[in-house]
Amino acid sequence: MPALFMTCREVGAVTIVDLSGKISLGEGSALLRKTIRDLIENGQTKILLNLGDINYIDSSGIGELVSGFTAVRNRSGELKLLNLTKKVHDLLQITKLFTVFDVYNDEGTAVRSYL
Amino acid sequence: MTPEAKHLEVILDTHVESVNLAEEMCLRVAEAVGFSEDECYRIGMSVREGVINAFHYGNQEKPDKKIHLALDLTQEKMIIHVMDEGKGFHLADVPDPLAEENLLCTSGRGIFLMKAFMDEFDVVAGRTGGAEIIMSKKIPGPGSASGNGNHGKSNSDAAPQQEA
């Protein structure tokens, strides 16, 4: 069974990626990397990752979030995060990445922030 | 539960699946010993990061090399050893992932997470020729709320001695 599930949807100019499961070394990280790269190649650079159903993330997954953030920013886009679970929130906090990512708890507010 | 001293050791292939296997094994022991759900998560994550370190940095993902995982249970703590067959490394040489210039690095947070999540953490020269990560967590006593306020600080001075 795959560790990570993802579906993409469009809200205006923003692509929201709903993720569930684990972002960890191996399949999970690879799938996230591919999805973000595919979106960038299709010209979608306003990306909102909905992590509400992510129950686990390791250092490899954190690295993939950072990699995606940088790749999107290099195309003059923005990758933001939505609905962090407590575990993910705490991990981003202790790794100081909370100061790097734009994080939202409300989808509408997050989408409007791209305007 | 107050366990007698116990020792468990497994040799893992240098393979991504070994990361999950090691984490699962240590999680089961941690749960049986009586760690809280939160502490089990921290122990599992630390084992995971230790084995990822051995898999990727130590053994360079070479399938002919092995990862040695050992677990010691004393009356006071759970001690985890992760050994690789690489060239070894010194903790002092590991870049600080919290430094401004490293915040956007896509790797290099594993050691930091192990330090943050475990009570004691150190890296020594292993008997397999590579690095040996030694980390431990105090076993909760009856009615105690186990916790750790390390948040990335190293406790290398208080690290457990390497097993013979």
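**Figure 1. Strands E4 and E5 of chain B side by side.** In this predicted model, strand E4 of chain B and its neighbour E5 (residues 131–138) run antiparallel and are joined by 6 bridges. To find one of the partners, start at B:Val124: across from this residue, in E5(B), sits its bridge partner B:Glu132.

**Figure 2. The sheet of chain B.** Stepping back from that pair, we see an open sheet of 5 strands in chain B, with antiparallel pairing and the order E1-E2-E3-E5-E4. Which strands stand at the edges? They are E1 (6–13) and E4 (120–125) of chain B; each has a single partner strand, so one side of each lacks a neighbour in the sheet. On average, and with direction ignored, neighbouring strands here are turned by 15° against each other.

**Figure 3. How chain B is put together.** Chain B holds 3 helices along with its 5 strands. Follow the chain along its sequence and you will meet the pattern β-α-α-β-β-α-β-β. Of its 164 residues, 40% count as buried. Among contacts in chain B with a separation of 6 or more, 72% link residues 24 or more positions apart.

**Figure 4. The largest nonpolar core.** This core has 36 residues, and B:Cys26, B:Val51, B:Ile80, B:Val82, B:Met114 and B:Met135 are those with the most contacts inside it. At least two residues each come from H1, H2, strand E2 (66–73), strand E3 (77–83), H3, E4 and E5 of chain B. Which element gives the most to this core? That is H2(B), with 7 residues. A good place to zoom in is B:Ile80: leaving aside residues up to four places away in sequence, this residue touches B:Cys26, B:Val47, B:Gly50, B:Leu71, B:Met135 and B:Ser136. A second core, separate from this one, has 29 residues, including A:Ile36, A:Leu39, A:Leu51 and A:Ile54.

**Figure 5. Two helices of chain A.** Helix H1 (residues 27–41) and helix H2 (residues 59–74) of chain A have axes that come within 9 Å and cross at roughly 10°. H1(A) is therefore roughly parallel to H2(A), as angles under 35 degrees count as roughly parallel. On the H1(A) side, the contact is made by A:Gly28, A:Ser29, A:Leu32, A:Arg33, A:Ile36 and A:Ile40, while H2(A) brings in A:Ser60, A:Gly61, A:Glu64, A:Ser67, A:Gly68, A:Ala71 and A:Val72. By kind, the residues of this contact are 5 nonpolar, 6 polar and 2 charged.

**Figure 6. Where chain B meets chain A.** Chain B puts 18 residues into this contact and chain A puts in 15 residues. On the side of chain B, helix H1 (16–33), helix H2 (37–58) and helix H3 (110–117) are the elements that give two or more residues. H2(B) gives the most here, with 4 residues. The side of chain B that touches chain A is made up of 10 nonpolar, 5 polar and 3 charged residues.

**Figure 7. A look at B:His15.** You will find B:His15 in the loop between E1 and H1 of chain B. Why does B:His15 count as partly exposed? Because 15 other C-beta atoms lie within 10 Å of B:His15, and partly exposed residues fall between the exposed limit of 12 or fewer and the buried limit of 20 or more. From B:His15 to B:Glu39 the distance is 26 Å, C-alpha to C-alpha, with their positions 24 residues apart in sequence.

How values were computed. Residues numbered from 1 in each chain as written. Chains lettered and ligands numbered in written order. Predicted model: local features only at pLDDT ≥ 70, side-chain atom pairs only at ≥ 80, totals over all residues. Pairing = 2+ DSSP bridges. Axes fitted to C-alpha atoms, helices over the stretch in contact; angles between N-to-C directions. Parallel < 35°, antiparallel > 145°, perpendicular 65-115°, else oblique. Contact = placed C-beta atoms within 7 Å. Nonpolar A, V, L, I, M, F, W, Y, C, P; charged D, E, K, R; others polar. Core = buried A, V, L, I, M, F, W, Y, C linked by C-beta atoms within 7 Å.
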